[in-house]
Amino acid sequence: MKIALGSDHAGFHYKEKVKKFLEESCLEVIDCGTFAPEPPVDYPDYIRPAALLVAQGKADRAIVFGGSGNGEAMVANKVKGIRCAYCFNEESAKLGRLHNDANAIAIGERLIPEEMALKIVKIFLETPFEGGRHIPRIKKMMDYENVS
């Protein structure tokens with residue numbers, strides 16, 4: 001599995017921790033930056049490239065980081081084909097995959113402990129999409145991308 005990472009300065013430390021975890025798990029990582037914790041950094045400059053890699057089929061999933069994760073989820077979700085779940089606990093990560101077939105997640109470094117961030121990532125990577133009754137909903141989400 002190939003994972004794209006993106007972060008602003010406020011999510012840099014978690015990005016680096018997750019990058020190490022992924023590499024130790026023998027997963028391929030594409031790090032879209034930022035590459036230092038110094039501000040200011042405009043998160044769209046790093047989040048959009050990570051989301052685009054997934055949308056283009058060059059990565060399987062994306063994990064994006066910021067102070068809260070909110071802006072990062074918003075940017076990722078602007079990319080056609082991306083379903084980025086804002087995750088703050090184990091259940092949000094699990095349901096993002098099970099019910100929404102999330103192909104990206106956003107995590108806020110200022111809002112959750114590091115241990116929780118790593119649990120979220122693990123769940124995101126291991127949880128399959130449930131399919132079934134959720135498929136028509138995913139189709140509708142994708143159809144909405146084509147509406148102005």
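**Loops, strands and cores**

Q: Where does P40 lie?
A: This is a predicted model, in which local features need pLDDT of at least 70, side-chain atom pairs count only at pLDDT 80 or more, and totals for chains, interfaces and linings use all residues. Residues are numbered from 1 along each chain as its sequence is written, and side-chain values use heavy atoms, with hydrogens and water left out. Helices (H or I, at least four residues) and strands (E, at least two) are DSSP runs numbered from the N terminus. On that numbering, P40 lies in the loop between strand 2 and helix 2.

Q: What is omega at the cis peptide bond that joins G33 and T34?
A: T34 is found in the loop between strand 2 and helix 2. A cis peptide bond also joins P39 and P40, with omega about -10°. For the bond that joins G33 and T34, omega is about 0°.

Q: Is C26 buried or exposed?
A: C26 is in the loop between helix 1 and strand 2, and has a positive phi of about 65° although it is not a glycine. Buried means under 20% relative accessible area, exposed over 50%, and partly exposed in between (1.4 Å probe, protein chains only). At 73% relative accessibility, C26 counts as exposed.

Q: Why do the buried residues of helix 2 line one face of the helix?
A: The buried residues are I47, A50, A51, L53 and V54. The arc is taken from the directions that run from the helix axis to the C-beta atoms. Seen down the axis of helix 2, the buried residues line one face because they fall within an arc of 150°.

Q: Which elements do the buried residues of helix 2 pack against?
A: Contact means heavy atoms within 4.5 Å. The buried residues of helix 2 pack against strand 1 (2-7), strand 2 (28-31), strand 3 (61-66) and helix 3 (70-77).

Q: Which side chains of strand 2 point to one face and are buried?
A: Strand 2 pairs with strand 1 in the parallel sense over four bridges, where two strands pair if DSSP finds at least two bridges between them. Side chains alternate along strand 2, and E28 and I30 point to the other face and are not buried. The buried ones are V29 and D31.

Q: Which residue stands opposite G66 in strand 5?
A: Strand 5 (104-108) pairs with strand 3 in the parallel sense over five bridges. Strand 4 is also joined to strand 5, by three bridges and in parallel. The residue opposite G66 is G108.

Q: Which residues of strand 5 point the other way from A104, A106 and G108?
A: Five of the five residues of strand 5 are buried. A104, A106 and G108 point one way. Pointing the other way are I105 and I107.

Q: Which helix gives the most to the largest nonpolar core?
A: A nonpolar core is a set of buried Ala, Val, Leu, Ile, Met, Phe, Trp, Tyr and Cys residues joined through side-chain atoms within 4.5 Å. Of the 23 residues in the largest one, L5, L22, I63, I105, I107 and I120 touch the most other members. Elements that give two or more residues include strand 1, strand 3 and strand 5. With seven residues, the most is given by helix 5.

Q: How many residues are in the other core, among them A50 and L53?
A: That core lies apart from the largest one. V54 and A73 are also among its members. Its count of residues is 18.
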